[in-house]
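Trainee: I should like to request a close look at one part of this model, namely the side chains and the contacts they make. Please explain it in one connected account.

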Amino acid sequence: MKKKFATVLISLFGSIGFVFSQQNYQETTYQTIKFENILQLDELCPRSNTGPGFNSNFDKITEGEARRIIDDFLDELSIGARFNIRECAEKAGNNALANIYVDKNGRRLKYIVYNQEWLTNLASENQSKYAAYFVLAHEIGHLVNGHREEYDGSNKGIEIQADEYAGKTLARYGASLDETLIAVRAIEKLVTPSWASHPGRIARMEAAFEGWFKVVDDNPTRIAKNQAAIDKFHLEIKGLKQQLIDAKRKKIEEAERERLRKEEELKAKIAQEKADKEALIAQQKEQQRLEDMRKAKIAQEKAEEKARLALEEKRKKEQDAVEGILKRYFNALGGLTKINGIEQMTYIENTTRSSEPGFTYRYSYEQKSPFHLIILDKSTDRKSKLHYQILRDTLYYKYPNKSSWKAGMHPNEQMNEVEFRNFIGSSTGDFLEDFNLFASPGLVSIKDTLEFNGVRCYQLEVKEKKVKETLDKNRTGFLSRVQQSRYYRVDNGLLEGTELKNEIKKFKKGKIVYNQLTKTIIKNGEYRDVDGVKFPHNYKIEIVTTRDSKVLEASIVTKKVEGLSFETRTQTQP
């Protein structure tokens, strides 16, 4: 005959024992013990006395007293079943647990095993019998809900069910909300890891409250009597969750401080090495100068120094001019401080193309930063709509009912990617690009003063930027470069337009197969004031694509902006 056995699995606090007091408690880990049958439990822990106990002075909770409490609960819950009770510190550790044992006839016996001293101290330290009552009601919940038969061990789900059951039981027994929550309020950890068998204090308090409230919900008198405790509970839970947020924030801040410290140490080390190297080079140059000093060399050095100073002066004047034009532009828009405070913009652009007369595309834009633009298709007469985003010069698309983005342009689009970017991209967000140029003026040089779109403008040229290179080891593939010029009005400082030249060269084994150039001219118009900042609301975009000097495609795109708004970051006081 095969031996039958049961294993201790389900308890109130898992493998964690608690020493309760008003201000202190600690964790202790205990080993789970397996028993083959009820005879082993009887041998380990014979039945104790069944006399009275657990009075107002918090005497020891005997098996008889524990059985009376459990029977009272079962009667209150109208449950006909009865459970066995056994005081056994060797089995329960600093805890109580629900288990099923088998006798010699193979019958299953439902037991609640508890540590008498621990349970008594729990009630005594908290000055409330309901602390012990909750423990026993929790274990009843495991047995009534069949957890022992269904699960080979404990988990957070069944512990939450048992806590809710305990809350419901104590409510029916007449306990107040504060009396019901005494035991779970003593749990140390607010939350526990995903692999832990028992939840933390927050989840268990919420479960006990849920069970208690389901009983009293239709009893206005008890609700009114416990209203202060209910309000206190909600504030307490909110506070505990805030503690978790604060702790996580503190951990992140500490990690960031450590990262910055190491970064500063590295910078200091690099700076010192650089200084030592520069000192050595300077020393060598000085020695060479002293050894090989001649009038001709002195004269040459003076001439070179004069030329260097002249070049630096020229560059400085040019840089000052660039910064002056950009500063004047931002002042014309509404002021550098206000522009700097803009976090993101939202607006709608109604777009038409010369190749599609009579049809208007309507797109909603969310400009999160100079490098991130989200585009939603709001066209009412387009059956197949797509959403796009441009993130750090990479184009993505997705369908409205999908959550994942795909890189590139949708295969069904008829335009090449350069033309499509000009068509769907944000013209209104260009001022963010200008602010980026102002923050890094070395990226821009002043070229000329000339006529653009019929008005006199300063021409600023952005340094050539390599966009993409896909050449393999055989020098086969593509090389793409972008050149950009921006035109600012001489009379009022506003941006009149932008000119983009995108050159794509195709190579095969190092030889050019063709040279394709897309020239885009964007003309801004109708500046309007939006919350103290001027934005253009009309754009005319002329696009011409040539390959080896032959025109492949030419089109004109117009955009009208509406509903423009922006958010500003909160300025902190020093």
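Mentor: What follows is an account of charged, polar and aromatic side chains, and then of some backbone and surface details. Please keep in mind from the start that this model is predicted.

Let us begin with the charged side chains. Side chains of opposite charge can pair when their charged atoms come close. In the whole structure, a search finds 28 salt bridges. One of them joins Lys316 to Asp320, with 3.2 Å between the closest N and O atoms. Both residues belong to helix H12, which covers residues 295-333. Because Lys316 and Asp320 are four residues apart in that helix, about one helical turn separates them. Lys316 is partly exposed, at a relative accessible area of 48%, and Asp320 is likewise partly exposed, at 40%.

A second example is the salt bridge in which the side chains of Glu366 and Lys368 meet, at 2.9 Å from N to O. Glu366 has a relative accessible area of 24% and is therefore partly exposed. For Lys368 the value is 31%, so this residue is also partly exposed.

The third example has a buried setting. Glu496 and Arg489 meet through their side chains in a salt bridge, the N to O distance being 3.2 Å. The relative accessible area of Glu496 is 7%, so Glu496 is buried. Arg489, at 18% relative accessibility, also counts as buried, because the limit for that word is under 20%. Salt bridges may also share partners: Glu256, Arg259, Glu263 and Lys267 are joined in this way into one network.

Another charged residue, Lys398, deserves a look at its surroundings. Lys398 has its place in strand E13, residues 394-398. With a relative accessible area of 12%, Lys398 is buried. A polar atom of the Lys398 side chain lies 2.7 Å from the backbone oxygen of Lys402. Leaving aside residues up to four places away in sequence, Lys398 touches Leu386, His387, Ser403, Ser404 and Trp405. Of these, Leu386 is 12 residues from Lys398 in sequence, while their C-alpha atoms are 5.9 Å apart in space.

A polar contact of another kind involves His147. This residue is found in helix H6, residues 147-150. Its relative accessibility is 1%, so His147 counts as buried. The side chain of His147 makes a polar contact with the side chain of Gln161, at 2.8 Å.

We now turn to the aromatic side chains. A pair of aromatic rings is described by the distance of the centres and the angle of the planes. The structure holds 14 aromatic pairs. Among them is the pair of Phe209 and Phe233, whose centres are 4.2 Å apart and whose planes make an angle of 10°; the pair is stacked. Phe209 lies in helix H9 (residues 201-216) and Phe233 in helix H11 (residues 227-291), so the pair ties together parts that are 24 residues apart in sequence. Phe209 and Phe233 are both buried. Elsewhere, one aromatic cluster is formed by Tyr347, Phe359, Tyr361, Tyr363 and Tyr365.

Nonpolar side chains also appear on the surface. Leu290, Met293 and Ile298 form a nonpolar patch there, and together they have about 260 Å² of accessible area. Ile298 lies in helix H12, the helix that also holds Lys316 and Asp320. At a relative accessible area of 32%, Ile298 is partly exposed.

Finally, two residues should be noted for their backbone angles. Glu526 is not a glycine, although its phi is positive, at about 55°. Its place is in strand E19, residues 511-530, and with a relative accessible area of 38% Glu526 is partly exposed. Ser549, also a residue other than glycine, has a positive phi near 75°. Ser549 lies in the loop between strand E20 (533-547) and strand E21 (550-568). At 72% relative accessibility, Ser549 counts as exposed, because that word applies over 50%.

How values were computed: Residues numbered from 1 in each chain as written. Predicted model: local features only at pLDDT ≥ 70, side-chain atom pairs only at ≥ 80, totals over all residues. Heavy atoms only, no water. Helix = DSSP H or I, 4+ residues; strand = E, 2+ residues; numbered from the N terminus. Buried < 20%, exposed > 50% of the residue type's maximum accessible area, 1.4 Å probe, protein only. Polar contact = N/O pair within 3.5 Å; in protein donor to acceptor, adjacent residues only side chain to side chain. Salt bridge = Lys/Arg side-chain N within 4 Å of Asp/Glu carboxyl O. Contact = heavy atoms within 4.5 Å. Patch = residues over 30% accessible without salt bridge, like charges linked within 9 Å, V, L, I, M, F, W, Y side chains within 5 Å. Areas by Shrake-Rupley, 256 points an atom, 1.4 Å probe, with all protein chains shown as cover. Phe/Tyr/Trp six-rings, centres within 6.5 Å; stacked < 30°, edge-to-face > 60°.
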